[in-house]
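Reader: I would like a close look at one part of this structure, namely its pockets and cavities. Please take me through what lines them.

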Amino acid sequence: MAEADIDDLIEIIEKEGNIEDIPKDLPMMPVRDVVVFTDMLLPLFVGREKSIKAIEECIEFDRYIFLAAQKDSEVENPKVNDVYDVGTIGRVQKMIKLPDGRIKALVQGIAKARVNQFTKKRKFFKVNVEILIDAEPEELDIKIEALMRNVKENSEKLLALKGELAGDVGDLLSHIESPGKLADLVASNLNLKVEDAQDLLEITDTLERLNKVNDLLARELDLSTVQAKIQTNVKDEISRNQRDYYLREQVKAIHRELGESDDKLAEIEDFRRKIKKCRMPEKCKIETFKQLKRLDQMHSDSSEASVVRTYLDCIVELPWSRSTNDSLDIKKACKVLDQNHFGLEKAKERILEYLSVRKLNPKKRGQIICFVGPPGVGKTSLGQAIAKAMKRKFHRVSLGGIRDEAEIRGHRRTYIGSMPGRILQGLRQCGTNNPVFMLDEIDKLGNDFRGDPSSALLEALDPEQNFEFSDHYLNMPFDLSNVMFILTANIADTIPSALLDRMEVIHIPGYTHQEKIEIAKTHLFPRKLKENGLIRRSIHISPNAMASIVSEYTLEAGVRGLERRLDAICRKIARKIAEGKKGRFPVTKQNLVRYLGPPRFMPELDQEESQVGLATGLAWTEVGGEHLYIEISLFQGKGELMVTGQIGEVMQESARAALTYTKANQERLGIDKKAFDETDIHIHVPAGAIPKDGPSAGIAMATALVSAFTNRKVNNKVAMTGEISLRGRVLPIGGLKEKALGALRAGIKHVIIPEKNKKDLYDIPRTVKSKLKFTCVRDVDEALEIALEK
Ligand code: ADP
């Protein structure tokens, strides 16, 4: 055929060729990715040179061409072995030459054939073939029919699943009566893999082929069902997402309409971000998100919303996992402590031990330290120094007068204006979960109908349970185990015993005269200079003046008053300098009056000489040790006893015991028997406005009584402390160190103490012992021997 004819050949063949007429030698064209079945109408794009040649050649063979599937579709230039040897003879129905040189041909499968021999291989393949005839069953029995019906039905189902029109195909299928043809038709539409299709093609037994097609069809049907299901799910998901998105946009629009606009959304988003950022335990996070969701659903101006908002604010600001790194360099810590405080050896030693243990075993739950001592002895500043040494944050809360448990543990959120307790508030302020947390005045904790704060405190402090401290406001556990709690108290007696049990008490009794001078020189004075903007050269305080400030202008166990006096001096000098005066300003004992006014305390002026009926006792109060006088007056009466001076029950009983002792020993003491019946006794303890109590003045009362009745003076340089029994035994007392310091301040020279307190002398500083004489006594007689003048 001429070239031009091929170019625009559009010819439709009406008449089918007879199988016998098909030439046995034919051009062969390898096809990729598809196996051609008989009766199949297939459009082919022919691009490879050899194939174009073959298809052009087929014109000469009555348009018959042998089509064989290529084993590997990747092979561009197939050899003999690259194609299957069973294929299909096709007849070109229509052929168009495309502008790019390729040929588009419509080919119909006519008959199955097997290659006997390749007769030409160079320009194109030419093969000698043998036609394969299908073995059709002789008659269609019921089994075959059932099989065919099954295949037809499944094919329709599959088509329906794929969304193709089942109706027409159904018609087509129903007209096929040969199992072989049915198998080929279905197989050619199943999109089978080349190997599977080739396998089918090579089966000449039509029944067997149909069976195989049936299997493949069933598999394809299953696959398509699952696929369809997945697709519906995906579709559902997409449409739900779209719906959510749409609704959310609508909600936004509604919010905007209501004037709530984007602020609220931004707020919610902000909270969400912060909650994620603060790394809280999973349980708490879930609860917090729940609250956030509630907030999201509320009107933003409602009072309830503001409660939830404050709550969330509190939660996100708590240091759930923020902490500072501990500095545990013991030498450095020691330096910091020494820099900040003079003396306090015992306390410093204990702190350094604590840090050392932490360094070696960071997991050890530390004991709670409690500093007990009078005001102004450096308890708080010691806590600050610890924080500084460890590079931790410091927070201080005063518990004085707290009676309500909610102060510690927070109010329930149902109350308007409810807040978390002081501990969590403190942590929130610190911003870290391992600060040094100082709880001041633990001894002033009260309790009443509003609950017992000490039990809440117990939970917070106890290392065994404080990793899950529950605050009522927070309503979820918070881990306090990293906090270093330090407590302070003025006296240990009133600390709730359950708390006391869990603490390690470090007593800071107060300073001696000499220690105060040292503290003033090394710490207080330099600090005051700096605070008042002065330089060292501008003031000089003489040693005499310093001693006088300590002894005549202050009377205290700590150094707070001393600090104030030094501050006053510095202030006055700062004024002079600011007014333009120049030079160095000396402060001497003589000109001290100009700075501080007249001396306030005259240690020895109180009682210039020994008197009858006046004994000096020693008391241990919150502000350290103090001396107190027991005055007794006798006057004519009927033997009545009167006790005044705001004294408590225990002290009153002491007075009665002292009187009984005196009466019982009247003869031995040389007192006239009638004296008791004809005199009234008045015992007064001056500083009458200050409540006093305790048994330790017993010995002083007995001494004053005997002195009054025997008219012998009590030595004014002697002070005494000790409880007495009716038999006159002297019983031990507490706070000896504080009392000794108090006695020294009062200018006492000689202190009588109970024999049983001898061991406590070990704790008394040597400087005190060098100035004070201590005598231990077993009974009142021994004390009288020393105290009463002859
Ligand atoms: P407290 O808490 O015991 O009542 P503070 O810690 O407030 O006492 O101390 C009062 C003042 O005295 C602080 O300025 C403190 O620095 C100072 N201070 C107390 N003891 C010493 C000391 N041993 N060395 C130096 N300064 C001290």
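Author: By class, the lining of the largest pocket holds 16 nonpolar, 6 polar and 10 charged residues. This is a predicted model, and the pocket belongs to that model. Its lining is made of 32 residues, and the volume of the largest pocket is about 880 Å³. Nearest the centre of this pocket lie K346, H507, P509, K737 and D763. Three elements give two or more residues to the lining: helix α12 (345-360), strand β13 (503-507) and helix α26 (736-745). In terms of domains, at least three lining residues come from domain 4 (330-507), and at least three from domain 6 (611-787).

Next come the cavities. The structure has 2 cavities of 30 Å³ or more. The second largest cavity contains about 30 Å³ of space. Its lining consists of 10 residues, and those nearest its centre are G373, P374, N490, W620 and E738. Sorted by class, the lining of this second largest cavity comprises 3 nonpolar, 5 polar and 2 charged residues. Where does the second largest cavity lie with respect to the domains? Residues from both domain 4 (330-507) and domain 6 (611-787) line the second largest cavity, so this cavity lies between the two domains.

To put the two side by side: domain 4 and domain 6 each give at least three residues to the lining of the largest pocket, and both also give residues to the lining of the second largest cavity.

Key: Residues are numbered from 1 along each chain as its sequence is written. This is a predicted model: local features need pLDDT of at least 70, side-chain atom pairs count only at pLDDT 80 or more; totals for chains, interfaces and linings use all residues. Side-chain values use heavy atoms; hydrogens and water are left out. On a 1 Å grid over the protein atoms alone, a cavity is a set of points where a 1.4 Å probe fits but cannot get out, and a pocket is an open set with protein on both sides within 12 Å along at least five of seven lines; lining residues have an atom within 4 Å of a point. Grid points are joined across faces, edges and corners, and a volume is the space filled by probe spheres set on the points. Helices (H or I, at least four residues) and strands (E, at least two) are DSSP runs, numbered from the N terminus. Ala, Val, Leu, Ile, Met, Phe, Trp, Tyr, Cys and Pro count as nonpolar, Asp, Glu, Lys and Arg as charged, and the others, Gly among them, as polar. Domain bounds come from an automatic or database domain assignment.
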